[in-house]
Amino acid sequence: MSAHVKIYFLDWIENRISRKEEIERHLQECDSCCSYYDKMTKLLDPGVISDLPRLIPDPFMPTRIVSLAAEQKQAQTKLLFSKIRLSLEGLAFILAVLIGIVLGKSITSQSPQYKTDEILGIYNSVVSPEDLSTQMELILDPLKGDHQ
Ligand SMILES: [Zn+2]
């Protein structure tokens, strides 16, 4: 076996490899593979593993994960609602603009129908005191008739 044997390390340490003698022969010849196998063997030594700092499991981790997921879901829902509200505001704005356009069109389409003297007549009927008095007489006329 001329090629390096580093990839066979796990099989070698678990005695799952048939070419164990070949590998050990290569290890005697090759410093690189020998130091690799040495290092890995020391790492997998139960004494070394027990000396490694241990991670203490957090008993509240499942609860924290669940609450975190719930928070994210809530945030997403809020975001969705804010988007909907934003689109509603936009829709209301567009609607207001459209109503404005329609009203403006109806006003501008109505105004050419009046002729100038008609407008003057309307203006006079509103502003001129004579017309107002005649209008008042018309309103008060039935009352006069009641008195007579
Ligand atoms: Zn090698």
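**Reading the zinc site and its surroundings**

Me: Which side chains does a polar contact of 3.5 Å join?
Reply: The side chains of His26 and His4 are joined by this polar contact of 3.5 Å. Please keep in mind throughout that the model is predicted.

Me: Which residues coordinate the zinc ion, and through which atoms?
Reply: Both of those histidines take part: His4 through ND1 and His26 through NE2. The other two ligands are Cys30 and Cys33, each through SG, and the coordination distances run from 1.9 to 2.5 Å.

Me: How should the geometry of the site of the zinc ion be read?
Reply: Four donors count as tetrahedral if all angles lie between 85 and 135 degrees. Here the angles among the 4 donor atoms are 100 to 122 degrees, so the site of the zinc ion is tetrahedral.

Me: What spacing do the donors of the zinc ion follow along the chain?
Reply: Along the chain, the donors follow the spacing H-x21-H-x3-C-x2-C. One pair of them, His4 and Cys30, links distant parts of the chain, 26 residues apart. His4 belongs to the segment before helix 1 (9–13), whereas Cys30 lies in the loop between helix 2 (20–29) and helix 3 (31–43). His26, for its part, is placed in helix 2.

Me: Which of His4, His26 and Cys30 are buried, and which are partly exposed?
Reply: A residue counts as buried under 20% relative accessible area and as exposed over 50%. His26, at 5%, is therefore buried. Cys30 is also buried, because its relative accessibility is 11%. His4 has a relative accessible area of 49%, so His4 is partly exposed.

Me: What describes a pair of packed helices?
Reply: The description consists of the angle between their axes and the distance between the axes. In this model, the axes of helix 2 and helix 3 come within 6 Å and cross at roughly 110 degrees. Helix 2 is therefore roughly perpendicular to helix 3. The crossing of these two helices is left-handed.

Me: Is Ile23, in helix 2, buried or exposed?
Reply: Ile23, a residue of helix 2, is buried, with a relative accessible area of 0%. Its C-alpha atom is separated by 8.3 Å from that of Tyr8, a residue 15 positions away along the chain.

Me: What sign does phi usually have?
Reply: Most residues other than glycine have a negative phi. Asn15 has a positive phi of about 60 degrees, although it is not a glycine. Asn15 sits in the loop between helix 1 and helix 2. With a relative accessible area of 54%, Asn15 is exposed.

Me: How many helices and strands does the protein have, and how much of it is buried?
Reply: The protein has 7 helices and 0 strands, giving the pattern α-α-α-α-α-α-α along the sequence. Of its 148 residues, 7% count as buried.

Technical notes. Residues numbered from 1 in each chain as written. Predicted model: local features only at pLDDT ≥ 70, side-chain atom pairs only at ≥ 80, totals over all residues. Heavy atoms only, no water. Donors = N, O, S within 2.8 Å, 3.2 Å for Na, K, Ca; no water. Tetrahedral: all angles 85-135°; square planar, octahedral: opposite > 155°, others 65-115°. Helix = DSSP H or I, 4+ residues; strand = E, 2+ residues; numbered from the N terminus. Buried < 20%, exposed > 50% of the residue type's maximum accessible area, 1.4 Å probe, protein only. Polar contact = N/O pair within 3.5 Å; in protein donor to acceptor, adjacent residues only side chain to side chain. Axes fitted to C-alpha atoms, helices over the stretch in contact; angles between N-to-C directions. Parallel < 35°, antiparallel > 145°, perpendicular 65-115°, else oblique. Left-handed = near helix turned anticlockwise from the far one by under 90°.
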